[in-house]
Amino acid sequence: MRSTRTSRAALAGLLAAGAVVASATSAVAVAEETSNTLRITYTCTEPPWPGSASSSYDVTVTAPLTARRGQQFALTASLLSVSPSPGDVPAGALQGFTNLLVGGSGTGTTTAKGLTNAKDVKKGDLVLLSGGKALYTPTKLGVHTFTPDKFQLTTHQDTTIVCVPDKSGVIVAVPVSEPI
């Protein structure tokens with residue numbers, strides 16, 4: 001009988017500890033983010049073929065509201081075509097990345113890798129490229145800005161499409177402060 005009470009008490013203790021850990025984990029996991037979308041017209045080429053074409057996309061980037069110097073954070077990116085797809089595209093058939101230019105208090109480029117069309121696209125539908133993730137570690141205090149730059153896709157037919165923005169602008173800005 002004594003071992004049953006001990007087992008029950010130990011189980012209750014474990015459940016209570018698990019609830020505290022789950023509660024603490026939930027509190028930490030809630031991070032405030034900002035997201036913005038810009039419509040950008042790109043000039044796209046398919047090397048080695050000559051010529052180019054213009055194509056517009058709604059580019060969305062999500063970033064934390066604030067960050068600490070020296071502490072890495074993630075940005076996510078997605079692109080939604082403005083024009084309908086000229087044909088069917090199987091899920092996962094497009095793979096790529098987009099560059100984000102870093103400005104303001106920061107400099108350089110960070111790359112959001114992992115863009116793909118997660119769902120089948122039927123002829124006439126818009127193409128959503130999602131899943132792009134970039135990691136960035138700010139080294140200076142101040143506001144770091146991120147501007148969409150070129151993106152590149154590889155198709156299921158092994159062709160590469162490179163798209164460069166005709167004009168772009170800051171899509172998100174992240175204030176960076178000293179670590180606590």
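Me: Strands here are DSSP runs of E, at least two residues long, and helices are runs of H or I, at least four, all numbered from the N terminus. Where does Asp-158 lie?

Reply: In the loop between β8 and β9 (160-165). This is a predicted model, by the way.

Me: What is the phi of Asp-158 near?

Reply: Near 60°, which is positive, and Asp-158 is not a glycine. Most residues other than glycine have a negative phi.

Me: Is Asp-158 buried or exposed?

Reply: Exposed, because its relative accessibility is 67% and the cut-off for exposed is over 50%.

Me: Confidence next. What is the mean pLDDT of the protein?

Reply: It is 85, and 83% of the residues reach 70 or more. Residues 1-30 are below 50. That stretch has zero contacts in the model beyond near neighbours in sequence.

Me: How many helices and strands are there in the protein?

Reply: One helix and 10 strands. The helix comes at the N-terminal end of the order, and the strands follow it.

Me: What share of the 180 residues is buried?

Reply: Buried residues make up 32%. On contacts, take those between residues at least 6 apart in sequence: 65% of them join residues at least 24 apart.

Me: Salt bridges. How many does a search of the whole structure find?

Reply: Two. One joins Asp-58 and Arg-39, with the closest N and O atoms 2.8 Å apart. Asp-58 is in strand β2 (residues 53-64) and Arg-39 in strand β1 (residues 33-45), 19 residues apart.

Me: Is Asp-58 buried or exposed?

Reply: Buried, at 17% relative accessibility. Its partner Arg-39 counts as exposed, at 56%.

Me: Which residue does Glu-178 meet in a salt bridge?

Reply: Arg-69, at 2.5 Å from N to O. Glu-178 lies in the segment after β10 (172-177), and Arg-69 in the loop between β3 (67-68) and β4 (73-81), so the pair ties together parts 109 residues apart in sequence. Glu-178 is partly exposed at 38%. Arg-69 is partly exposed at 31%.

Me: Why can pairs like that form in general?

Reply: Side chains of opposite charge can pair when their charged atoms come close.

Me: Back to β2. Why is β2 called largely enclosed by the rest of the structure?

Reply: Because nine of its 12 residues are buried.

Me: In which sense do β1 and β2 pair?

Reply: Antiparallel, over 12 bridges. Tyr-42 stands opposite Ser-55 in that pairing with β2. β2 also pairs with β4, again antiparallel, over six bridges. There, Thr-60 stands opposite Ser-78 in β4.

Me: What does Ser-78 touch, leaving out residues up to four places away in sequence?

Reply: Asp-58, Val-59 and Thr-60, plus Leu-115, Leu-128, Leu-129 and Ser-130. Asp-58 is the residue in the salt bridge with Arg-39. Ser-78 is buried, with a relative accessible area of 18%.

Me: Now the core. How many residues has the largest nonpolar core?

Reply: It has 32 residues. Those with the most contacts inside it are Tyr-42, Val-59, Val-61, Leu-75, Leu-79 and Phe-146.

Me: Which elements give two or more residues to this core?

Reply: β1, β2, β4, β5 (95-104), β6 (108-116), β7 (128-136), β8 (142-154) and β10.

Me: Pick Val-61. What is Val-61 in contact with, neighbours within four places aside?

Reply: Among them Leu-75, Thr-76, Ala-77 and Leu-100. Thr-34, Ser-35 and Asn-36 are on the list too, as are Ile-171 and Val-172.

Me: Last residue. In which strand is His-144 found?

Reply: In β8. His-144 is buried, at a relative accessible area of 1%.

Me: Which backbone oxygen lies 2.7 Å from a polar atom of the side chain of His-144?

Reply: That of Lys-140.

Me: And what does His-144 touch, not counting residues up to four places away in sequence?

Reply: The list includes Val-102, Gly-103, Ser-105 and Gly-106. Tyr-136, Pro-138 and Thr-139 are on it as well. So are Val-172, Ala-173, Val-174 and Val-176. Val-172 also contacts Val-61.

Technical notes: Residues numbered from 1 in each chain as written. Predicted model: local features only at pLDDT ≥ 70, side-chain atom pairs only at ≥ 80, totals over all residues. Heavy atoms only, no water. Salt bridge = Lys/Arg side-chain N within 4 Å of Asp/Glu carboxyl O. Buried < 20%, exposed > 50% of the residue type's maximum accessible area, 1.4 Å probe, protein only. Pairing = 2+ DSSP bridges. Core = buried A, V, L, I, M, F, W, Y, C linked by side-chain atoms within 4.5 Å. Contact = heavy atoms within 4.5 Å. Polar contact = N/O pair within 3.5 Å; in protein donor to acceptor, adjacent residues only side chain to side chain. pLDDT = per-residue confidence, 0-100.
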